[in-house]
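The following exercises introduce a single protein chain. Each task is followed by a solution that goes step by step.

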Amino acid sequence: MTTVLVVEDTPSEMALITSFLKDSGYTVIAATDAKEALEKVTQYKPDVVVTDVVMPGMSGFELCRSLKKNPETEKLPIVVCTSKNQELDRLWAMKQGADAYVTKPFSREDLLRALKSVVV
C-alpha cells in the first residue's frame with residue numbers, strides 16, 4: 001500500500017485531501033507545516049509527498065528544495081497542491097524539484113492522476 005505524506009496548514013483542505021486518498025486506498029500521514037513534514041519523512045519514509053505552497057515558516061517550495069538536496073530523500077516524488085495557478089508558479093515548482101502540480105480547487109481525479117503519474 002502506498003503511503004502519502006500530506007503537508008497542508010488549512011484543516012478543511014487537509015480533511016478533503018485525506019478523505020480522497022484514504023477512500024482510494026492510500027495510507028495517509030499528516031503534517032501541518034514543512035518543518036513537521038521533514039521530521040515525518042525521516043520517521044515514516046512515505047512513498048510520496050503532497051504539499052501546499054503557502055504555509056507559515058517554510059514554504060512548500062522550500063520543502064521541495066530541502067527534500068531534493070538530501071541524498072536520502074532526493075528521489076522522493078513530490079506533488080505540489082496549491083491555489084497558485086499561474087504558469088510561472090508551476091515552472092518554479094518544477095525548478096524546486098516538484099514532480100507534479102495540482103491547482104486548487106481540484107477534483108479527486110485531478111489529485112489521483114497526479115499521484116499515479118509520480119508513483120510507480
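**Exercise 1.** In which strand is the place of V7? Determine also whether V7 is buried or exposed.

*Solution.* This is a predicted model, in which local features need pLDDT of at least 70, side-chain atom pairs count only at pLDDT 80 or more, and totals for chains, interfaces and linings use all residues. Residues are numbered from 1 along each chain as its sequence is written, and side-chain values use heavy atoms, with hydrogens and water left out.

Step 1. V7 belongs to strand β1, residues 3-7. Helices (H or I, at least four residues) and strands (E, at least two) are DSSP runs, numbered from the N terminus.

Step 2. V7 counts as buried because its relative accessibility is 1%. Buried means under 20% relative accessible area, exposed over 50%, and partly exposed in between (1.4 Å probe, protein chains only).

Step 3. Neighbours within four places in sequence being left aside, the residues in contact with V7 include A31, D33, V49, M55 and L63. Contact means heavy atoms within 4.5 Å.

**Exercise 2.** Identify the buried residues of helix α4 and state where they lie on the helix.

*Solution.* Step 1. In α4 (residues 87-96), the buried residues are D89, A93 and Q96.

Step 2. Seen down the axis of α4, these buried residues fall within an arc of 65 degrees, so they line one face of the helix. The arc is that of the directions from the helix axis to the C-beta atoms.

Step 3. The buried residues of α4 pack against α3 (60-69), β4 (78-82) and β5 (100-103).

Step 4. Exposed residues L88, L91 and K95 are carried on the face of α4 turned away from its buried side.

Step 5. Just after α4, G97 takes a positive phi of about 115 degrees.

**Exercise 3.** How many residues line the largest pocket, and how do they divide by character?

*Solution.* Step 1. A pocket is an open set of points on a 1 Å grid over the protein atoms alone, where a 1.4 Å probe fits, with protein on both sides within 12 Å along at least five of seven lines; lining residues have an atom within 4 Å of a point.

Step 2. The lining of the largest pocket has 13 residues, and V41, T42, K45, E72 and T73 lie nearest the centre.

Step 3. Helix α2 (34-44) and α3 each supply at least two lining residues; α2 gives the most, with three.

Step 4. The lining divides into five nonpolar, four polar and four charged residues. Ala, Val, Leu, Ile, Met, Phe, Trp, Tyr, Cys and Pro count as nonpolar, Asp, Glu, Lys and Arg as charged, and the others, Gly among them, as polar.
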